[in-house]
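Here is a short report on a two-chain model. Have the sequence and the 3D view open as you read.

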Amino acid sequence: MSASRPAVALLRRPLQNELKKHVLIAFGLSTAAALGYRAIVSEPRKKHYQEFYKNYDEQRHFQRMAEAGVFDSVTPNAEKSEWIVEYEKQVDEAIAALRK
Amino acid sequence: MSTWGQLNLQEGMSTIMELMNYFHDYMMTFIVLILSFVTYMFAFVIISPRLDKYTVDSHILETVWTVIPMLILLFMAFPSLYLLYLMEDVSNPSLMVKVVGHQWYWEYQYSNSWFNYSFDSYMVYEKSDSPLYHALDVDNRLVLPTNANILFLITSADVLHSWAIPTLGIKADAVPGRLNYLSTMTPYSGVYYGQCSEICGSNHSFMPIVLEFVPMSNYLDYVSNLSVSE
């Protein structure tokens with residue numbers, strides 16, 4: 001008659017056996033955490049810089065800041081450009097909407 | 001400049017600072033990996049009811065926990081050294097500016113073959129009716145052109161100071177009797193703030209640095225007005 005072998009081997013080195021399993025779990029979780037950090041923080045930051053660079057117009061940005069009086073070395077024009085006036089109106093509307 | 005509640009680095013307004021931001025994210029990936037692994041194993045060791053009093057050595061374990069950190073360090077070292085050498089590279093500066101630290105203000109000197117002008121930059125104390133940034137605004141800003149390699153030569157006239165602009169990723173000690181150099185280039189016009197970064201006396205916190213980057217044409221207009229007014 002065949003008797004089933006008792007599960008003696010499970011009683012040998014239980015800590016090491018459990019450690020092997022948990023090291024793999026830890027490695028998997030830490031890799032997932034690192035990839036998650038990369039996906040949530042690193043890649044969006046790179047895309048943010050790329051998007052900014054794609055549409056960046058130095059003269060337009062400079063003119064907007066100059067007409068707002070940010071620079072000491074540049075005197076703003078007495079008359080504001082049309083697109084500045086339009087832009088400031090949009091900013092004021094956005095602020096008013098936030099205050100409601 | 002920094003804003004309230006800011007925990008991360010400032011936005012990179014120079015190419016080097018952008019690379020530093022990417023490098024910081026790269027290192028943080030490794031830090032998150034190691035921290036998660038160690039935290040999980042730490043929690044397991046505390047919670048697990050198992051105990052082994054008879055393990056005295058394990059060559060495999062020692063090999064693994066030497067080789068893996070060595071590989072991680074190698075992956076960290078190469079980009080770090082690349083960025084470090086890139087920061088030190090000074091190639092064909094278009095403009096040279098001397099920065100001299102005093103107690104407690106900065107002196108700037110534009111100096112090149114056709115123009116020589118120096119001025120002092122003191123902090124402006126805030127007033128209740130003026131929209132100034134506290135301990136950050138100055139009376140005379142250093143005006144510089146965008147899209148030009150600028151070389152700064154930094155020294156001090158009295159004690160140690162440090163000239164730093166976080167958003168450009170530059171900092172150098174102002175040491176009396178020594179000239180340190182820095183190079184930067186930014187494609188973005190704007191106003192960038194910094195502060196003295198080496199304790200230099202009672203007003204160490206009140207000697208800020210303000211750079212004003214404008215397009216080259218506006219910079220040349222500014223410089224020509226300076227030389228006319230001299």
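Two strands pair if DSSP finds at least two bridges between them. Strands (E, at least two residues) and helices (H or I, at least four) are DSSP runs, numbered from the N terminus.

This is a predicted model: local features need pLDDT of at least 70, side-chain atom pairs count only at pLDDT 80 or more, and totals for chains, interfaces and linings use all residues. Residues are numbered from 1 along each chain as its sequence is written, chains are lettered from A and ligands numbered from 1 in the order in which they are written, and side-chain values use heavy atoms, with hydrogens and water left out.

**The sheet of chain B**

Strand β2 (residues 105-112) of chain B runs antiparallel to β3(B), and seven bridges join the two. One bridge partner pair is B:E107 with B:D120 of β3(B). Both strands belong to an open sheet of five strands with mixed pairing, in the order β3-β2-β1-β5-β8 (chain B). Its edges are β3 (115-121) and β8 (180-184) of chain B, each pairing on one side only. Direction ignored, neighbouring strands of this sheet are turned by 20 degrees against each other on average.

**Annotated spans of chain B**

An unreviewed UniProt entry carries the annotation "transmembrane region" for residues 26-47 and 67-86 of chain B. Positions are given in the numbering used here, feature names are shortened, and annotations may be inferred rather than shown by experiment.

| Span of chain B | Helix | Strand | Distance between end C-alpha atoms |
|---|---|---|---|
| residues 26-47 | 100% | 0% | 32 Å |
| residues 67-86 | 100% | 0% | 29 Å |

**Chain A and its contact with chain B**

Chain A has three helices and zero strands. Of its 100 residues, 20% are buried (under 20% relative accessible area, 1.4 Å probe, protein chains only). In helix α2 (residues 58-67) of chain A, the buried residues are A:E58, A:F62, A:M65, A:A66 and A:E67. Just after α2(A), A:G69 takes a positive phi of about 85 degrees.

How do the helices α1(A) and α1(B) pack? Helix α1 (residues 14-54) of chain A meets helix α1 (residues 15-47) of chain B at an angle of about 160 degrees, with axes 8 Å apart. Axes are lines fitted to C-alpha atoms, for helices over the stretch in contact, and angles run from 0 to 180 degrees between N-to-C directions. α1(A) and α1(B) are therefore roughly antiparallel (over 145 degrees). By class, their contact has 21 nonpolar, eight polar and five charged residues. Asp, Glu, Lys and Arg count as charged, Ala, Val, Leu, Ile, Met, Phe, Trp, Tyr, Cys and Pro as nonpolar, and the others, Gly among them, as polar.

Key. Buried < 20%, exposed > 50% of the residue type's maximum accessible area, 1.4 Å probe, protein only. Parallel < 35°, antiparallel > 145°, perpendicular 65-115°, else oblique.
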